[in-house]
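Please work through the exercises below with the sequence and the coordinates at hand. Each task is followed by a stepwise solution.

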Amino acid sequence: MSAVAGPTVAPGPEERTNYLNKSHTIKSWLLTGDHKRIAILYLISVSFFFFLGSLAASMIRLELTSPTGTMMSSEAYNKMFTAHGVIMIFFFLIPAIPAVLGNFLIPLMVGARDLAFPRLNLASWYLYVLGGLFGIVAICMGGVDTGWTFYTPYSSLYSNSQVTLTICGAFVAGFSSIFTGINFIATIHKMRAPGLTWFKLPLFVWATYATSIIIVLGTPVVAITLLLVVAERVFHFGVFSPELGGDPVLFQHLFWFYSHPAVYIMILPGMGVISELIACFSRRKVFGYEFVAFSSLAIAGIGFLVWGHHMFVTSQSMYQGVVFSFLTFLVAIPSAIKVFNWTSTIYKGSVHWNAPFVWALGFMGLFLIGGLTGLYLGSLSTDVHLTGTYFIVAHFHYVMVGGTIMAFMGGLHFWWPKMFGRMYPDSWGKASAIITFFGFNFTFFPQFVVGYLGMPRRYHYYYFEPTWQVWHVLSTVGASILAIGFILPAFYLTWSIKNGKPAGPNPWGAKGLEWETDSPPPTENFRHPPIVTEGAYNYDPVADAEAVAKSAAKAGD
Amino acid sequence: MATSTKSSSPVEQHGHGHDPLLHHQFEDMHQQTESYLVGMWSFLVTEIMFFGALFIMYSIYRWKYSHEFWEVHNLLDWKLGGINTFILLLSSFSMAMGVHYATLKKHALVNRCLAFTVLCACAFLVIKLGWEWWPKWEHNLFPGPGFEWNEHSLEKYIKPGSDLLSVSPNIAQLFLSLYFAMTGLHGIHVLVGILVLVGLMVLHKKQTPSAQDYVNTEMVGLYWHFVDLVWIFLYPLFYLIPK
Amino acid sequence: MASDSHLNHPPVKHYVFNLVVLTILMLATIGAAQIHIPTPGNPESPLMNNVVALFIATIKAGLVVAVFMGVRYTTTLVKMWAYTGFTWFTLMFIMWCDYGTRNWEPVAGWEGNPANALPREPYRPEKKAAGEHGESHGATEAH
C-alpha cells in the first residue's frame with residue numbers, strides 16, 4: 001500500500017533537495033523555523049545533557065561500591081545525585097521524546113507543512129539551551145545539594161549551594177516545554193490534512209496531545225512555586241517558611257501537582273512511540289485503538305489527581321492520603337489497558353524482528369516491572385516501609401529509564417531512516433537493545449532488593465549494614481553493561497549518517513503518513529499536500545505475507 | 001495510509017500566492033486565525049494555572065490566619081485599589097474597542113484606543129508603585145531582614161477598631177509576602193503588557209502586514225483582558241477582607 | 001472569506017454596556033464589604049461576606065471573558081480551551097481537603113499546634129477521657 005502513494009519521481013536521495021541539504025550554513029540552522037531542523041537541534045542538545053547526566057550517574061555508582069564512600073565527601077555526593085536528577089529530568093527526560101521525535105513527526109503525521117508556530121518552536125529551543133546553560137553554570141559554581149525536588153525549607157532557608165541558579169534553569173526550561181506544548185496543541189487541532197479525522201490519527205499523535213495538555217496545565221504551577229522559593233532565598237519572602245507560619249508541605253503539594261503529572265510527560269510520548277512500533281512490526285492495527293487513544297487522555301487527566309502519594313509520610317492528612325492512594329490505583333487501569341492492547345496486537349501478528357521492535361519489547365518488559373512496583377508504593381502501609389529507600393529509586397528508574405529511554409531509543413531507531421535517509425546495521429541495533437535490557441535489569445533489580453532491606457536513597461554510607469555491598473556492586477557492574485548499550489548506538493547511528501545504505505521513503509513497510517514522503521523529507525514535508533482516506537494502521541497481513549515471500553524468492557535468486 | 005494527491009500544482013495548493021497575511025504553514029486564513037486563537041488561549045490557560053497556584057496558597061493561609069489577615073489588610077487602602085480596578089476596567093474596554101477597530105482596519109482609531117489603554121496601564125502602575133508599594137517600602141514593611149513591625153513603622157496605619165500590633169510580625173510578613181508576590185507578578189504582567197501594546201502601536205502606525213491581520217491585535221487584547229481578570233480577583237481578596 | 005466566524009464580534013454597544021455593568025458590580029463589591037452580611041446559623045462569621053465578594057468577582061470575570069475576550073462569539077474549539085483553564089484550576093482545591101482534615105487525626109497536627117517545622121507530638125490517649133474514667137484506665141495501664 002505504501003508503494004502506491006510513494007513519490008512517483010524517484011531519483012537518488014542525494015539529488016533531491018531535502019531539509020538537510022537545502023542549505024549548509026550554521027546561520028540557516030540556528031535561525032531555522034523548520035520543525036525538522038529544530039528537532040535535530042534538540043536531538044544534539046538532549047544527547048549532550050544525557051551524556052552529562054550519565055557521567056554523574058556513573059560517579060554515584062562508583063561511589064556506592066564501597067560501604068564507607070571512598071571517592072567523595074558527603075557534600076560532593078549530595079551535589080552529584082542532585083546534578084544527575086536535575087539534568088536527567090529537566091533537560092533530558094521531559095524534552096526527549098516530545099521535543100525531538102514529536103517535533104520531527106507531528107507535522108509529518110498530521111500532513112502539515114510545519115508546526116503552527118515555527119518561531120515559537122525555535123524560541124523554545126533557545127529557552128531550553130538557556131535553561132541548560134543556567135544548570136551548567138550552577139554546577140560549575142559549586143553545584144546544588146537539595147535533590148532535584150528542591151524541598152523547602154532546606155532549599156529556601158538552609159542550603160548554601162547554587163539553588164537560585166538551578167531553579168532559574170528549571171524555570172526557563174519549563175517555559176521551553178510550555179511553548180512546545182502550545183505548538184502541538186494548535187497543530188493537532190487545526191493543521192490535520194483533509195480527511196485526517198481524530199480516529200485516523202496515529203496513536204503517537206494522541207499521546208503527544210495528552211502530553212501537551214499536561215505540559216500546559218501543569219508546568220506553570222511548578223514555575224510559580226519554584227519562583228517563590230527563589231523569592232524566599234533572595235528577598236526572604238516567607239510563603240513556605242515555617243518561621244513565619246508558612247507550611248513547607250504546601251511546597252510539596254504544589255511541586256508534586258506538576259511533578260507527578262511530569263512523570264506522565266516523560267512516559268506518555270514513550271507509550272505513543274511503542275504503539276507505533278508494535279503496530280508496524282506486527283503488521284496489525286493496534287488492538288483496541290480507541291481504548292489506547294483514550295487511555296492516553298485518561299492518564300493525563302487522572303495523573304493530575306494523584307500527587308499526594310509522594311507525601312504519604314509528610315504531615316499531609318492521612319484521610320487525604322487514603323483518597324490519593326485510591327486515585328493512584330486508578331491510574332494503573334489506563335496503563336494496563338495499553339500494555340494489554342499492545343500484547344494483543346503482537347498476538348497472532350506477523351512479527352518482524354527488526355531492531356526497533358526489540359527495543360519496544362524491552363520497553364514492555366521493563367515498564368511492566370516499573371508499573372507494578374508502583375502499586376506497592378501507592379498503597380499506604382507498604383509505602384511507609386519503602387518510602388525514601390532504594391526501592392523507590394529502582395521503581396522510577398524502571399519507569400523512566402526502562403520506559404522512556406527504551407521508547408526513545410526504539411523511536412530513534414524506527415524513525416532514524418526518515419530523519420537522515422540512511423539505514424543503520426540492524427544487527428547492531430538489536431544487539432544494543434538486548435545489551436541495554438540485560439544491563440538495565442542488572443543495574444536496577446538489585447536496588448529493589450537492597451531497598452526492600454532498608455537501604456535509604458541519597459546515602460553514600462552504609463557501613464552499618466556491610467552485607468548490602470554485594471547488591472551495590474552488582475548494580476554498578478550492571479550500570480557498566482548498560483553504558484555499553486547506550487554508547488553503541490551513538491557510534492553506529494552517527495556512522496550510518498554518512499555510510500549507511502539509502503533507506504528509501506518507507507524501509508519498514510509502515511503505514512503512517514510520515515512514510516509517504518521522501519527520506520529525509522523535503523522542507524515543505526510533502527511535495528503534494530496529502531488527502532487521507534484510511535486510518536494509520538491499515539496493515540494488510542495477506543499482502544504483507546506475499547511481499548515477504550517475494551523478497552525471500554528474490555534473495556534465493 | 002492510503003492517500004491521494006491533488007492534481008493541481010503545488011503552488012496553487014499552498015494558496016498563499018494571493019494573501020500576503022497567510023503564513024506558509026497554513027492553508028487559509030480561517031485555519032491561521034483559529035490556530036492563533038487556540039494557541040493564545042492555551043497560553044492563557046498556563047497563565048491561569050500560574051496565578052491559580054498563588055490563589056490556592058493565598059486561600060490556605062487566609063483560612064488558617066483569617067483574623068490576622070483581616071488586621072493586616074488594613075495596611076492596604078481600598079480606595080486606591082478601587083480606583084485601580086476602575087482604571088483596569090476602562091483599559092479593558094478601550095482594548096476591546098481597539099480590537100473592534102482592528103477588524104475594520106481603521107489603524108488610526110486602533111492606535112487611539114491602544115494609547116488610552118497604555119495610559120491607563122501607566123496610571124495603574126504609578127498608583128500601585130507610588131502610592132501603595134513605596135510607602136510600605138519606606139516604612140520597612142517589605143518582608144525580609146529589614147522588616148519592622150512596631151509603632152514607628154505602623155504609625156500611618158493604626159486606625160480605631162483595629163489592633164495591628166497584636167498581630168504576630170511573622171504572620172504579618174506572611175500576608176505581605178503574598179501581597180507583594182501576587183501584586184508584583186501582576187504588576188510585571190502589566191509592564192509586559194505596556195511593552196507589547198507599544199510595539200503593536202508601532203506596527204499599526206507603519207501599517208505592516210502583521211497589523212493588517214486583526215488577529216495579532218486580538219491576541220494582545222486577550223492577554224490584556226487576562227491581566228484585568230487577575231486584578232478582578234486580587235482586589236476583593238486583598239483589599240476588601242471582611243472582619 | 002471563511003474566517004467570518006472570527007470576525008463576528010459584538011456591536012460596540014455591547015462593550016459599553018459591559019463596562020457599565022462591570023463598574024456597577026465593582027461598586028457593589030465595595031459596598032458589600034462595608035457592611036456585615038450575617039451568615040445563617042453563625043451571625044459572627046464573615047463567611048457570607050466572602051461568598052458575596054467572590055460571587056461578584058466571578059460574575060465580573062465571566063463578563064470580561066464572555067464579552068471583552070469574545071469567548072461568547074467564538075468557535076467551539078476556542079471556547080473549549082478557554083473553559084479548560086478555569087475548570088482545571090479548581091482541581092488544586094483538593095489541597096483544601098488536606099488542610100481541612102489534618103486536625104481530624106488522632107495526633108496533634110499542623111492545625112492544632114502553633115506552626116513549626118518540628119515533628120508531630122507522639123500519640124497520647126486523650127487525657128480528658130482518662131480523667132473521667134480514671135479507674136478503668138489506671139487498671140489498663142497497670143498491665
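The exercises that follow concern a predicted model and treat its interfaces, salt bridges, cores and selected residues.

**Exercise 1. Characterise the contact between chain C and chain B by its residues, its buried area and its polar pairs.**

Solution.
Step 1. Count the participants: 52 residues of chain C are in contact with 51 residues of chain B.
Step 2. Evaluate the area. About 4,600 Å² is buried between chain C and chain B, and carbon and sulfur atoms give 81% of that area.
Step 3. Search for charged and polar pairs. Between chain C and chain B there are 0 salt bridges, while 4 residue pairs are in polar contact, both residues being at pLDDT 80 or more.
Step 4. Assign the chain C side to its elements. Helix 1 (4-7), helix 2 (12-34), helix 3 (47-68), helix 4 (76-89) and helix 5 (94-101) of chain C each supply at least two residues of the side that touches chain B.
Step 5. Place these elements in their chain: the secondary structure of chain C consists of 7 helices and 0 strands. Of its 143 residues, 36% count as buried.

**Exercise 2. Carry out the corresponding analysis for chain B and chain A: which elements of chain B give two or more residues to the side that touches chain A?**

Solution.
Step 1. The contact takes 47 residues from chain B and 55 residues from chain A.
Step 2. The buried area between chain B and chain A is about 4,300 Å², with 70% given by carbon and sulfur atoms.
Step 3. The interface of chain B and chain A holds 2 salt bridges. A:Lys190 forms a salt bridge with B:Glu34, in which the closest N and O atoms are 2.8 Å apart. In addition, 11 residue pairs are in polar contact across this interface, both at pLDDT 80 or more.
Step 4. The elements sought are strand 1 (3-5), helix 1, helix 2 and helix 7 (169-206) of chain B. The largest share of this side, 19 residues, comes from helix 2 of chain B.
Step 5. Examine one residue of helix 2 of chain B, namely B:Gln31. B:Gln31 has a relative accessible area of 10% and is therefore buried. Leaving aside residues up to four places away in sequence, B:Gln31 touches A:Lys190, A:Met191 and B:Phe26.

**Exercise 3. Is B:Glu132 buried or exposed, and which residue meets it in a salt bridge?**

Solution.
Step 1. The relative accessibility of B:Glu132 is 2%, so B:Glu132 counts as buried.
Step 2. The side chain of B:Glu132 meets that of B:Lys128 in a salt bridge of 3.7 Å, N to O.
Step 3. B:Lys128 also has a relative accessibility of 2% and therefore counts as buried.
Step 4. Because B:Glu132 and B:Lys128 are 4 residues apart in helix 5 (residues 107-138) of chain B, about one helical turn separates them.
Step 5. Look for neighbours. B:Asn84 touches B:Lys128 and B:Glu132, among other residues including B:Ala123 and B:Trp231. B:Asn84 lies in helix 4 (residues 78-103) of chain B, and its relative accessibility of 0% means that B:Asn84 counts as buried.
Step 6. Set beside this the pair A:Lys430 and A:Asp426, whose side chains meet in a salt bridge at 3.6 Å, N to O. Both lie in helix 15 (residues 426-453) of chain A, 4 residues apart. With 28% relative accessibility, A:Lys430 counts as partly exposed; with 22%, A:Asp426 counts as partly exposed.

**Exercise 4. Which residues touch the most other members of the largest nonpolar core, and what does C:Met92 touch?**

Solution.
Step 1. The largest nonpolar core has 284 residues, and those touching the most other members are A:Leu101, A:Phe363, A:Phe408, B:Trp41, B:Trp149, B:Phe238 and C:Met92.
Step 2. Helix 9 (residues 248-282) of chain A provides the largest share of this core, 22 residues.
Step 3. Residues up to four places away in sequence being excluded, C:Met92 touches A:Val221, A:Leu254, A:Phe257, B:Met49, B:Gly52, B:Ala53 and B:Ile56.
Step 4. Another core, of 13 residues, lies apart from the largest one; among its members are A:Ala56, A:Ile60, A:Leu64 and A:Val393.

Definitions and conventions: Residues are numbered from 1 along each chain as its sequence is written. Chains are lettered from A and ligands numbered from 1 in the order in which they are written. Side-chain values use heavy atoms; hydrogens and water are left out. A nonpolar core is a set of buried Ala, Val, Leu, Ile, Met, Phe, Trp, Tyr and Cys residues joined through side-chain atoms within 4.5 Å. Buried means under 20% relative accessible area, exposed over 50%, partly exposed in between (1.4 Å probe, protein chains only). Contact means heavy atoms within 4.5 Å. Buried area is the accessible area (1.4 Å probe) that two parts lose on being put together, summed over both. A salt bridge is a side-chain nitrogen of Lys or Arg within 4 Å of a carboxyl oxygen of Asp or Glu. A polar contact is a pair of N or O atoms within 3.5 Å; within protein, one must be able to donate a hydrogen and the other to accept it, and residues adjacent in sequence count only if both atoms are side-chain atoms.
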